[in-house]
Amino acid sequence: MSQQIVIVNTGCANISSVKFAIERLGVNVAVSDDLKTIQCADKIFLPGVGSANAAMASIEKKQLTACIQSLSQPVLGICLGMQLMVESSEESLTGKTQCLGLIPGTVNRMQTGELRLPHMGWNTVKPIGDAPLFKGLDDNSYFYFVHSFAVAVSEYTMASCEYALPFSAALHKDNFFGVQFHPERSSDAGAQLLKNFIQL
């Protein structure tokens with residue numbers, strides 16, 4: 001039986017590249033900001049690029065906040081989409097942005113010392129424990145990153161990565177999953193991760 005896969009149209013994401021990556025797996029996917037369509041989906045993707053305050057403003061304007069917070073099916077946040085899943089982000093000139101509060105944690109500017117920001121390019125990701133999204137992947141598989149803000153490692157970290165300091169490459173709490181990297185740009189490893197999520 002085919003699943004209903006929906007990418008939430010947050011109004012602030014490079015949705016087409018995520019959509020193409022899912023379609024390459026032979027899976028049909030819809031892009032929608034309609035509450036009913038999102039609520040009826042079997043699996044949901046929450047992508048995002050840009051800043052947390054702009055993304056949250058767009059989500060609130062589309063009246064999607066309560067809808068996303070009430071979802072009980074698997075949801076995967078990608079890049080900024082993952083950052084929106086935690087409680088707050090300091091990625092704003094005007095102070096903290098309240099995020100969706102689905103996973104405990106805050107988004108902070110990365111402390112990279114001599115290394116340049118943004119953290120951009122390929123880096124190894126280390127799954128922690130039994131991480132269902134990383135099934136069938138090597139312990140230090142490479143994924144593609146572009147970000148200057150990150151979530152610290154915590155009990156909700158499903159995989160970690162290091163760039164000057166360790167940070168959460170993936171988060172998980174209940175039905176909410178998030179990845180800081182771009183699986184849609186991460187070649188075979190990214191395709192496997194997307195497949196693992198769709199097969200949950």
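The following exercises, each with a worked solution, concern a predicted model.

**Exercise 1. Aromatic pairs**

Task: Classify the ring pair F143 and F181, and state where in the chain the two residues lie.

Solution:
1. A pair of aromatic rings is described by two quantities, the distance of the centres and the angle of the planes.
2. A search of the whole structure returns eight aromatic pairs.
3. For F143 and F181 the ring centres are 4.2 Å apart and the planes stand at 25 degrees, so this pair is stacked.
4. The pair connects distant parts of the chain, 38 residues apart: F143 belongs to strand β9 (residues 141-147), whereas F181 lies in the loop between β13 (176-179) and α6 (187-198).
5. F143 and F181 are both buried.

Task: Apply the same procedure to F177 and F197.

Solution:
1. The centres of the F177 and F197 rings lie 6.2 Å apart, with planes at 75 degrees; the pair is therefore edge-to-face.
2. Here too distant parts of the chain are linked, since F177 is in strand β13 and F197 in helix α6, 20 residues apart.
3. Both F177 and F197 are buried.

Task: Which residues are linked into a cluster by ring pairs?

Solution: The cluster consists of F134, F143, F145, F167 and F181.

**Exercise 2. The open sheet**

Task: Establish the strand order of the open sheet of four strands and the sense of each pairing.

Solution:
1. Begin with β5 (residues 88-89) and β6, which pair in the antiparallel sense over two bridges. S88 has Q98 in β6 as its bridge partner.
2. Continue to the pairing of β5 with β7 (residues 106-109), which is parallel and also comprises two bridges. In this pairing S88 stands opposite T106.
3. Strand β7 is joined in turn to β10 (residues 149-151) by three bridges, and these two strands run antiparallel. N108 of this region stands opposite A150 in β10.
4. The order is accordingly β6-β5-β7-β10, and the pairing is mixed.
5. Strands β6 (97-98) and β10 stand at the edges with a single partner strand each, so one side of each has no neighbour in the sheet.

**Exercise 3. The surroundings of β13**

Task: Describe the pairing partners of β13 and the two faces of this strand.

Solution:
1. On the β4 side, four bridges join β4 to β13 and the strands run parallel. V75 stands opposite F176 in β13.
2. On the β12 side, four bridges again form the connection, but β12 and β13 run antiparallel. The bridge partner of K173 in β13 is F176.
3. β12 and β13 form a hairpin that has two residues between the strands.
4. Both faces of β13 are covered: F176 and G178 are buried on one side, and F177 and V179 are buried on the other.

**Exercise 4. Backbone geometry**

Task: C79 and D174 each have a positive phi. Is each residue buried or exposed?

Solution:
1. Phi of C79 is near 55 degrees, a positive value in a residue other than glycine. C79 lies in strand β4 (residues 75-79).
2. Buried means under 20% relative accessible area. C79 counts as buried because its relative accessibility is 7%.
3. Phi of D174 is likewise near 55 degrees, and D174 is not a glycine either. D174 lies in the loop between β12 (165-173) and β13, in the turn of the hairpin formed by these strands.
4. Exposed means over 50% relative accessible area. D174 has a value of 58% and is therefore exposed.

Task: Which peptide bond leading to P118 is cis, and where does P118 lie?

Solution:
1. The bond from L117 to P118 is cis, with omega near 0 degrees.
2. P118 is found in the loop between β7 and β8 (119-127).

**Exercise 5. The environment of T65**

Task: Locate T65, determine whether T65 is buried or exposed, and list its contacts beyond four places in sequence.

Solution:
1. T65 is in helix α4 (residues 65-69).
2. With a relative accessible area of 17%, T65 is under the 20% cut-off and is therefore buried.
3. When residues up to four places away in sequence are not counted, T65 touches I59, E60 and L100.

Notes: Residues numbered from 1 in each chain as written. Predicted model: local features only at pLDDT ≥ 70, side-chain atom pairs only at ≥ 80, totals over all residues. Heavy atoms only, no water. Phe/Tyr/Trp six-rings, centres within 6.5 Å; stacked < 30°, edge-to-face > 60°. Buried < 20%, exposed > 50% of the residue type's maximum accessible area, 1.4 Å probe, protein only. Pairing = 2+ DSSP bridges. Contact = heavy atoms within 4.5 Å.
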